[in-house]
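Work through the two exercises below with the model in view, taking each solution step by step.

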Amino acid sequence: MTKVEFLDLPAQYQSIKPEIDAAMAAVVSTGGFVLGKTVADFEQSVAKYAGAKYGIGVNSGTDALYLSLKAAGVKPGDEVITTPFTFIATAEVVCWLNAKPVFADIRPDTLNLDPKKIEAAITPRTKAVIPVHLYGQAAEMDQIKALAQKHNLKIIEDCAQSLGASYRGRQTGSLGHLAAFSFYPTKNLGAYGDGGLVLTDDEALYNEVRMLRQHGQDKKYHHAKLGMNSRLDALQAAVLSVKLKYLDKWNQKRRELAARYTAAFSGLAGITPPVALDHNVHIYHQYTIRARDRGALEERLAKRGIPYAIHYPIALHLQPAFEFLNLKEGCLPEAELAAREVLSLPIYPEMSEEQQDAVIAAVKG
Ligand SMILES: Cc1ncc(COP(=O)(O)O)c(C=O)c1O
């Protein structure tokens, strides 16, 4: 039986081993492990790649979101609109600031925020909106920007899954006031541990995030504000700088695999392949289908040893952690239905056609 992984990071490492080993050795031999030139170079490379002015390397995607919201001026009692169909970090960080996450429902095709639902959720307390570019496809940024302008809201893009994706010819991460990226190892650009980054075009926001990531320090041992320790390690930046050069090639491979999956599944009863809008370049961090009878599909995959994942099994408003928001089942129907139907199949640049055929055969039963 063909062995299929959900993701094959060891194979990726083998494909670029000499470069990675040399980059890591260079950091170790200089002893500069935190921030410094390696991190600064990487920050600039990502900013250039995504079409933004400034990059700030931080400890994780979660911290990137938190620091972005804090720099954007979100205060206790403010409301921040986001999607209920995302990883918990997107909404969790809102609560760290004693602000309130307000969930707007998603579009049934892309599973990204529905701008019409955002508009209905705006109140005088709304301070910001966090569109998540889910699975590697941009949210509807023109409509979201128009709403933000009209209501004076800050846009913080959650780009944890979308480095390299574009919307109407512009890269995600350059479409709002601030953008948060994750380099968690499984991401399209993954570190060898945790890592994250904030992008912005605004010099004041850049200075604020830079200060906050390092104990509010503006000059050595002078602290203008209370901040935190959330710095990107130089070893991670060295690894990521090597990998960034390959990102377009890897994303292109994902897109080819996705097209092959979608061709194989078209017309298959009970299965809906992911919908990529014409104006988007989707980079398929996940290839996530909808299955009317997900239980039966899970059984078929398990029987043939095909790994899969559910992103995400519970919409955030129904998570125990958000019980205090008092949102009942039925209030965000599209997100709730998606949580019952979605299933992510293996997709990674090193995947062979033979491996993909094994997945396709299992899905078809
Ligand atoms: C949409 C989304 N937002 C935020 C995060 C948080 O990133 P991290 O795990 O680097 O903290 C992740 C990934 O883990 C994510 O998928």
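**Exercise 1: the two domains**

Task: describe how the chain is divided into domains and what the side of domain 1 that touches domain 2 is made of.

Solution. Start with the division of the chain, which gives domain 1 (9-244) and domain 2 (247-364), the bounds coming from an automatic or database domain assignment. The model is a predicted one, in which local features need pLDDT of at least 70 and side-chain atom pairs count only at pLDDT 80 or more, while totals for chains, interfaces and linings use all residues. Residues are numbered from 1 along each chain as its sequence is written.

Next, take the spacing: the C-alpha centres of domain 1 and domain 2 are 24 Å apart. To their contact (C-beta atoms, placed from the backbone, within 7 Å) domain 1 gives 32 residues and domain 2 gives 29 residues.

**Exercise 2: a helix pair**

Task: determine how helix α3 (residues 61-71) and helix α4 (residues 89-96) are oriented to each other, helices being DSSP runs of H or I with at least four residues, numbered from the N terminus.

Solution. The axes, lines fitted to C-alpha atoms over the stretch in contact, with angles from 0 to 180 degrees between N-to-C directions, come within 9 Å and cross at roughly 45 degrees. The pair α3 and α4 is therefore oblique, as angles under 35 degrees count as roughly parallel, over 145 as roughly antiparallel, 65 to 115 as roughly perpendicular and the rest as oblique.

**Completing Exercise 1**

Returning to the contact, with its 32 residues from domain 1, the side of domain 1 that touches domain 2 has 17 nonpolar, ten polar and five charged residues, where Ala, Val, Leu, Ile, Met, Phe, Trp, Tyr, Cys and Pro count as nonpolar, Asp, Glu, Lys and Arg as charged, and the others, Gly among them, as polar.

Definitions and conventions:
Contact = placed C-beta atoms within 7 Å. Helix = DSSP H or I, 4+ residues; strand = E, 2+ residues; numbered from the N terminus.
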